[in-house]
Each structure stands twice: as structure tokens, then as C-alpha cells.
Amino acid sequence: MPPRTALDQDAVPGPPAEAVAPLTRGIAVLRQLTEAGGTLSPSALERATGLARSTVDRITATLARMGYVRHDGRDVVLTPRVMELGNAYLAALRLPALLDARADALADELDESVSLAVADLDGVRFIHQATRRRAMSVSFRIGDLLPAERTAPGALFAAEWDQAEWARWQIRLSGDPANASFPAVPPQPSSSSPDLADFETRAAQARRNGWALDDQLIEPGLVAVSVPVRDPATGRVACVASVVSHTSRHTADALRTTLLPRLRTAVAAMEADLRQAPPPEPGPPPSGLAAWTTASKHELGREFIESLARGLSVLTAFGEGRSALPLTEVARATGLARATARRALITYEHLGLVTTGPDPRTFTLTPRVLDLGFPPLSRTTLPRLAAPHLRTLADRLHEPTALAVLAPGTGTGTEIQYTAGAGASRVLTVDIAVGARLPATGTSLGRVLLADAEGPLSPALAEIRAQGYALADEELESGLRSIAVPVRDRTGRAVAAVNVATHAARRTLHNCVTDLLPALRATADHIQTDLHTAARFTHVAPS
């Protein structure tokens with residue numbers, strides 16, 4: 001039976017009477033898309049959720065309107081915009097913002113993968129990953145959920161469990177001995193399934209030692225050592241930092257003797273950061289969501305499920321400085337009626353996405369919010385983010401489009417490298433393969449990137465910076481004209497550029513500016529929006 005809460009004092013098995021059924025169904029669709037890696041056909045969603053096809057179509061139409069999915073042929077695909085739900089949890093948690101720099105520095109120092117994880121009931125969920133780029137590396141993602149008994153962090157969290165939490169773990173293990181409910185890990189062989197005594201012994205050792213070891217519990221060859229990061233206010237484990245490797249590089253004993261001391265030093269610095277961190281400054285809550293959902297309903301009619309959109313907007317009311325909110329504040333932040341916000345919170349409590357805060361009149365997001373699209377998108381790249389936007393632009397203008405970055409290893413940026421593109425259905429068109437390198441100064445893509453460089457600029461580059469775009473007129477090849485604009489990261493730095501190319505016989509330079517530039521800038525804005533959302537708590541590789 002669920003715990004008694006501030007919203008539902010008579011909790012019983014099954015959905016509460018006031019739960020919002022369309023919201024429950026929409027969450028089920030998002031979870032199935034996440035478990036499938038981000039892409040499923042409507043018919044596959046119908047089978048996975050047990051919902052009617054018409055219901056699936058209405059849910060995906062609503063999610064598409066919100067920008068959380070897009071339709072790609074016959075498939076429904078998660079988009080980076082859905083990461084704003086997980087971002088709300090991570091921002092409210094605050095630990096990634098305070099500790100990820102320490103974790104990244106430790107990964108660089110040790111040349112090993114480093115992770116931060118929090119407890120999620122009787123599981124362990126990652127909130128930060130600093131992964132080494134090797135042929136053989138750890139494939140866990142932010143948001144992945146692992147069974148506590150098969151991890152080193154799990155033993156550290158279990159060291160603080162009470163009897164009720166141990167009982168819940170035993171019930172889960174007896175009902176799912178193979179860990180089928182944890183898709184991020186390989187199934188547990190029945191011959192090696194842990195029992196209560198095994199895990200209790202490991203938890204007791206972790207409590208005594210102040211660290212824990214994973215000697216190939218998840219999979220052969222994978223080893224890890226973990227140390228708890230404690231909340232300075234309560235002394236309890238706030239999260240666990242781990243160094244992860246494989247037996248070709250380190251044995252489990254070698255991790256303990258060679259890397260554990262440096263991990264402990266890093267954790268001590270993390271705990272000092274937590275003690276010294278100033279109180280968070282509440283960021284602005286979302287605005288205009290209620291009015292937007294009403295307008296969308298009027299425009300799309302029955303194909304738009306207003307209760308689903310309003311319910312999802314409740315999750316975005318939380319964030320940095322807004323980790324625990326009373327019902328009235330949730331309603332105020334979203335613009336929803338108090339009764340509407342209350343029903344959404346009741347639904348989320350039932351689904352395990354929201355729980356009561358330290359003050360029973362307030363509510364907080366749980367790590368389970370990361371189940372809503374975050375893991376498959378947490379290792380995306382800029383070319384993947386840009387690809388659908390480039391395709392849309394090419395189809396709209398009937399001209400080829402491309403994304404490029406300054407090529408690595410070229411010093412001051414003497415070359416660009418094409419990282420994504422979309423062609424046009426023309427007899428005479430531009431065909432430059434992804435991966436190709438070209439002189440930066442002879443291309444519009446290169447010039448707009450060079451114009452963002454620090455230090456003094458030539459008059460030509462200074463003009464490009466001032467106007468925000470660059471033109472190239474038959475300099476790379478006779479007849480080839482192009483126009484490019486920058487794509488900027490969250491700090492405002494130009495990390496890539498996007499362009500449209502055409503033949504000189506089709507458009508004059510003036511036409512490039514008047515006809516192509518507005519759509520090109522809008523596309524760059526769309527790519528930037530996705531990049532800023534995805535990169536808030538993850539690293540988005542430029543290529």
C-alpha cells in the first residue's frame with residue numbers, strides 16, 4: 001500500500017479516484033518510448049501500452065504539439081525538448097550543478113569513468129556521467145536505473161535502510177529475480193541471484209568501511225569503487241560517487257588500493273562544496289502554459305488532450321530554488337486552477353514521480369522523472385540534434401543545407417569539418433560528404449565561425465560578426481553560393497554553423513539574404529533551443 005500523503009490520506013491499491021487518466025496514459029507512452037531507446041511505431045506503442053490506437057494517436061499528437069516527440073515517417077521519436085522534464089528534477093536536486101565539475105576533474109585525473117548516483121527506492125539512478133571515449137567504455141547514461149544489489153552504490157544506500165525498505169527490496173527481488181524491470185542491465189542469471197544475507201553482508205561492510213566495491217556484479221569485466229557524498233545538514237548519503245573501469249585496466253583490488261584514496265579526496269572536496277554552497281536563487285517559473293494549452297485545444301480540437309499537456313506542465317514548475325513546492329505555488333507557477341494542479345499531483349504521487357517534501361504540505365520530484373525520455377537523449381550529439389531541422393529546412397527551401405564545426409587539430413581553425421547535412425531533390429545540387437574538410441576562409445560556414453574568435457578581427461570578419469551571417473560567392477567552386485549563421489551553446493559561444501547552398505543562376509547574393517536568411521536563422525534558433533535543453537546537465541559532443 002502506498003504511504004499516506006498530504007494529498008491522499010486514504011491511499012489504496014490502484015489509481016486514486018482523482019487521478020487524471022489521460023495523464024497516466026501519456027506517462028505510459030513516454031516510458032515505453034524511453035525503454036525502446038527513443039523510437040517506436042504507433043502500432044508498437046499500442047501493443048506495449050495496451051491502449052487503443054486512436055488513444056495512442058491522440059497522445060502522440062499532443063506530445064508532438066508540446067515538442068516532446070516528432071513523427072518521422074511511421075515512427076514516433078523523442079525530441080530533446082522532452083529533457084526539460086528531467087532537467088526540472090536535476091535542477092531542483094541541485095547536486096549535478098554543484099558536483100559535476102569535481103566528477104569531471106576526477107575522471108580526467110584518473111582517465112577512468114566517474115559517475116554520481118542517487119537512491120531511487122531500492123534502485124540506483126545516475127545523475128551524472130563522466131565517461132571516457134574508448135573502444136571499450138561504460139555505456140550507462142544519466143537517468144539509467146540499476147538494481148541496488150548489483151552495484152557498489154546500492155550497498156552504500158542500503159546501509160541506511162530501515163526494516164520497511166529491506167522488506168520492499170525482498171518483495172521486488174522475489175517478484176523479479178532476473179531484474180527484467182531494469183532494462184539498463186543484463187538479466188541476472190538465476191544461479192547468481194543474491195539473497196538477503198548476501199546483500200545485508202555487503203551493506204554492513206559498506207557501513208563499516210565507508211566505501212563499497214563492485215567486482216563484476218553487473219557484468220563480467222566491469223568493476224567499480226564507490227564512496228558516499230553526505231548531506232552536510234543531515235549526515236545521510238546525498239549521492240554516491242563511483243570510479244568505474246574494467247578488469248583489463250584494473251582489478252577490483254587495484255581499484256581499492258590505487259584509486260580509492262583519490263576518490264575519497266574528491267568526495268571530501270564535494271562535501272566541502274555542499275557545505276559552502278549559498279542558498280539557491282529561484283529561477284523564473286514557466287509562464288503562459290495554461291493559456292498555451294487552451295489555445296492549442298481550440299486549434300487542434302479533440303486531437304489535443306488538454307489534461308495531458310496541463311499535467312506535464314506541472315513537472316516544469318519545479319527547478320533550482322523550487323525543489324519543494326506547496327500546491328498553491330504549483331498552481332501559481334503553471335497558471336492552472338488549484339484543483340487541476342492538485343489532481344495532477346495526485347496522479348504523479350500514484351506513479352511515483354512526486355512525493356511529499358520535508359514539510360508534508362510541500363511536494364518534490366523524485367528521480368523517477370528521469371524515466372521520461374532522458375536516458376536515450378542524454379548521449380546525443382549536435383549532428384543528431386540538428387539533423388531533423390536541417391531536413392525540414394532543405395525541404396522548405398529546396399536547397400541543400402549543412403552543419404559544420406571548426407576541424408579539430410587545425411590550430412587556429414584553418415579548416416571546417418562537415419558533421420551533418422540534408423540534400424535537395426535537384427538535378428544540379430551540392431554534394432559534400434559528412435566528414436569532409438574544407439578551408440575555413442573559403443566557405444560561409446568557416447567565416448561565420450572565425451568571426452566568433454577571440455582577439456582582433458579583420459574588417460571582413462568584424463563585419464560578419466556585426467551582421468550575424470556570412471556569404472560565400474563562388475569562391476570554393478564556380479557557381480556555388482552559400483549563406484551561413486552560427487549555432488551558439490548555452491554560454492553564447494559559436495560551436496557550429498549551419499548554411500544553405502545554392503547555384504548562382506538560381507539566386508543572387510541579395511536573394512540569399514532576403515529569401516534564405518530568415519528561414520536559416522529560424523533553423524539555427526531551433527537547433528540552439530534543442531542544444532541548450534540537452535546540454536543543461538549533459539555533454540553534447542559537437543561531432
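Modeller: In what follows, Ala, Val, Leu, Ile, Met, Phe, Trp, Tyr, Cys and Pro count as nonpolar, Asp, Glu, Lys and Arg as charged, and the others, Gly among them, as polar. The model discussed here is predicted.

Biologist: With those classes in hand, how many residues of the lining of the second largest pocket are charged?
Modeller: The second largest pocket holds about 1300 Å³ of space, and its lining consists of 44 residues. When these are divided by class, 18 are nonpolar and 12 are polar. The remaining class, charged, has 14.

Biologist: Which residues of that lining lie nearest the centre of the second largest pocket?
Modeller: Several elements give two or more residues to this lining, including α5 (95–110), β5, α15 (382–397) and β18 (494–503). The residues nearest the centre of the second largest pocket, however, are Thr-538, His-539, Val-540, Ala-541 and Pro-542.

Biologist: Turning to enclosed space, what is the volume of the largest cavity?
Modeller: A search of the whole structure, with a cut-off of 30 Å³ or more, finds 1 cavity. The lining of the largest cavity has 17 residues, and Phe-126, Leu-146, Asp-214, Ala-224 and Val-244 lie nearest its centre. By class, that lining comprises 11 nonpolar, 4 polar and 2 charged residues. The volume of the largest cavity is about 140 Å³.

Biologist: Which element gives the most to the lining of the largest cavity?
Modeller: At least two residues of the lining come from each of β5 (123–130), α6 (152–158), β8 (222–230) and β9 (237–246). The largest contribution, amounting to 3 residues, is that of β5.

Biologist: In the open sheet of β1, β2 and β3, which strands stand at the edges?
Modeller: The 3 strands of this sheet follow the order β1-β3-β2, with antiparallel pairing. Strand β3 (residues 75–78) pairs with β2 over 4 bridges, and in β3 Val-76 stands opposite His-71. Two of the strands have a single partner each, so one side of each is left without a neighbour in the sheet, and these edge strands are β1 (39–40) and β2 (69–72).

Biologist: Are α1 and α3 roughly parallel or roughly perpendicular to each other?
Modeller: Helix α1 (residues 21–35), which lies across β1, β2 and β3 and runs at about 85° to β3, also meets α3, with Arg-25, Gly-26, Val-29 and Leu-30 of α1 contacting Thr-55, Ile-59, Thr-60 and Leu-63 of α3. By class, the residues of this contact are 4 nonpolar, 3 polar and 1 charged. The axes of α1 and helix α3 (residues 53–65) come within 10 Å and cross at roughly 80°. Angles of 65 to 115 degrees count as roughly perpendicular, and α1 and α3 are therefore roughly perpendicular.

Biologist: In the sheet that contains β10, β11 and β12, what angle does the direction of helix α13 make with that of β11?
Modeller: This open sheet has 3 strands in the order β10-β12-β11, paired in the antiparallel sense, and its edge strands are β10 (325–326) and β11 (354–356). Strand β12 (residues 362–365) is joined to β11 by 3 bridges, and Val-354 stands opposite Leu-365 in β12. Helix α13 (residues 338–351) packs on the sheet by touching β11 and β12, and its direction makes with that of β11 an angle of about 100°.

Definitions and conventions: Residues are numbered from 1 along each chain as its sequence is written. This is a predicted model: local features need pLDDT of at least 70, side-chain atom pairs count only at pLDDT 80 or more; totals for chains, interfaces and linings use all residues. Side-chain values use heavy atoms; hydrogens and water are left out. Two strands pair if DSSP finds at least two bridges between them. Contact means heavy atoms within 4.5 Å. Axes are lines fitted to C-alpha atoms, for helices over the stretch in contact, and angles run from 0 to 180 degrees between N-to-C directions. On a 1 Å grid over the protein atoms alone, a cavity is a set of points where a 1.4 Å probe fits but cannot get out, and a pocket is an open set with protein on both sides within 12 Å along at least five of seven lines; lining residues have an atom within 4 Å of a point. Grid points are joined across faces, edges and corners, and a volume is the space filled by probe spheres set on the points. Angles under 35 degrees count as roughly parallel, over 145 as roughly antiparallel, 65 to 115 as roughly perpendicular and the rest as oblique.
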